[in-house]
Amino acid sequence: MAEIENRGGLLTGLFSRWKIVLLLVLWTLLCAISLSHSYTRLEQQLEYNLRTEGGTVFELLVLMRRWNAEHNGVYVPLTEASPSNPYLTDPQKDILSNRGQNLTKVNPAYMTRQLSEMAPTESPVQFRILSLKPLNPINKPDQWEAESLLAFEQGALMKSTLEQRLEGTFFRYIAPLITTSECLKCHARQGYQKGDVRGGLSIALRVNQRVAMVKSEKRESAVLHGVIYLLVALLLILLGRTRNTEARRP
Ligand code: HEC
């Protein structure tokens with residue numbers, strides 16, 4: 001008898017009410033930390049993936065522009081869709097080929113704009129070129145772009161943000177266009193030197209689906225955490241009750 005009483009005493013000690021409460025508090029904390037960690041990881045993963053994607057689009061556009069700049073602009077047939085660029089001050093910009101075709105020179109910025117205008121409005125990727133001192137007023141930055149361009153002058157390498165628009169959620173990515181020797185052929189007269197930030201390329205990716213996917217992954221994680229939390233919490237409460245009633249038995 002004495003032995004059983006003793007055991008009861010010991011168990012009561014082990015699962016006394018305050019210890020169960022302490023365990024419950026610890027368990028709640030653990031679950032909360034785990035859930036918030038899983039949310040942060042999902043968000044970081046999304047940001048990392050989108051930044052990589054934005055960076056890839058940026059690099060590809062820079063490469064295409066460099067190809068153009070290395071040729072000091074490229075001649076294309078003069079058409080209604082590709083008129084002579086009024087901002088290009090090159091005495092050779094409009095020429096006649098020896099077969100009698102009218103040609104006009106397309107500089108990198110003009111090519112970038114033509115490419116971006118070719119993309120349909122529902123395109124998953126939109127982009128444009130801009131500068132704090134634009135030659136062409138159409139290349140004037142919006143507020144976020146202007147702040148990013150200022151940050152690039154202080155050494156920042158890129159900026160990104162998620163933006164809600166009427167058409168949905170967009171991931172905005174912007175990185176600087178640095179003046180190289182090829183750029184100086186046309187931009188030296190504005191006072192730019194090698195290494196200066198000439199402007200930026202602003203990219204917008206349509207990310208409705210990706211954001212919705214992360215939201216549903218977050219929901220799944222919350223439900224999973226909730227179920228496991230409740231099961232263990234219930235078990236702890238039941239354990240506490242059983243032991244306490246056992247202990248109270250004569
Ligand atoms: C063949 C001449 C030429 C070359 C080479 C050239 N640009 Fe330009 N760039 C222009 C002209 C002209 C504009 C004016 C905007 C337009 O054409 O719509 C411009 C515009 C820009 C803009 C947009 C802002 C603005 O001023 O309107 C940026 C940014 C830019 N250039 C960066 C560069 C960089 C970086 C290089 C070198 C990789 C480069 N450009 C090479 C002629 C040139």
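Glu47 is partly exposed, with a relative accessible area of 38%. The model that shows this is a predicted one. Arg51 is also partly exposed, at 33%. Glu47 and Arg51 form a salt bridge, and their closest N and O atoms are 3.0 Å apart. Both residues belong to helix α2, which covers residues 17-70. Four residues separate them, about one turn of that helix. Both count as partly exposed because their values fall between the 20% limit for buried and the 50% limit for exposed.

This pair has company. The whole structure holds 10 salt bridges. Another of them joins Asp90 to Lys105, with 2.8 Å between the closest N and O atoms. Here the partners come from separate elements. Asp90 lies in the loop between β1 (74-77) and β2 (94-96), while Lys105 lies in strand β3 (residues 102-106), so the salt bridge ties together parts that are 15 residues apart in sequence. Lys105 has a relative accessibility of 8%, so this residue counts as buried.

Next comes Asp142. Its salt bridge partner is Arg172, and the closest N and O atoms are 3.0 Å apart. Asp142 sits in the loop between β4 (125-130) and α4 (143-153). Arg172 sits in strand β6, residues 168-178. The pair therefore ties together parts that are 30 residues apart in sequence. Asp142 is partly exposed, at 32% relative accessibility. Arg172 is buried, with a relative accessible area of 5%. Salt bridges that share partners link both residues into one network. Its members are Arg128, Asp142, Glu145, Glu163, Arg165 and Arg172.

Now turn to the ligand. Where does the ligand sit? It occupies the largest pocket. Several elements each give two or more residues to the shell around it: α2, α3 (108-118), β4, β6, α5 and β7 (197-206). Helix α2 is thus part of this shell, and the Glu47 and Arg51 pair lies in that helix too. Strand β6 also contributes to the shell, and Arg172 lies in that strand.

Which element gives the most to the shell? The answer is α5, with four residues. In all, 26 residues surround the ligand. Those that come nearest are Leu135, Asn139, Cys183, Cys186 and His187.

His187 deserves a closer look. This residue lies in helix α5, residues 181-187. The ligand carries an iron atom, and His187 is its only protein donor. The donor atom is NE2, at 2.0 Å from the iron. The side chain of His187 also has an N or O atom 2.8 Å from a nitrogen atom of the ligand.

Two further contacts involve oxygen atoms of the ligand. A polar backbone atom of Leu135 is 2.7 Å from one ligand oxygen. Asn85 uses its side chain instead: a polar atom there lies 2.8 Å from an oxygen atom of the ligand.

One last stop is Gln101. This residue is found in the loop between β2 and β3. Gln101 is partly exposed, with a relative accessible area of 40%. Along the chain, 96 residues separate Gln101 from Val197. In space, their C-alpha atoms are separated by 37 Å.

Note on methods:
Residues numbered from 1 in each chain as written. Predicted model: local features only at pLDDT ≥ 70, side-chain atom pairs only at ≥ 80, totals over all residues. Heavy atoms only, no water. Donors = N, O, S within 2.8 Å, 3.2 Å for Na, K, Ca; no water. Salt bridge = Lys/Arg side-chain N within 4 Å of Asp/Glu carboxyl O. Buried < 20%, exposed > 50% of the residue type's maximum accessible area, 1.4 Å probe, protein only. Near = heavy atom within 4 Å. Polar contact = N/O pair within 3.5 Å; in protein donor to acceptor, adjacent residues only side chain to side chain. 1 Å grid on protein atoms, 1.4 Å probe; cavity = no way out; pocket = protein on both sides within 12 Å on 5 of 7 lines; lining within 4 Å. Sits in = over half its atoms within 2 Å of the grid points.
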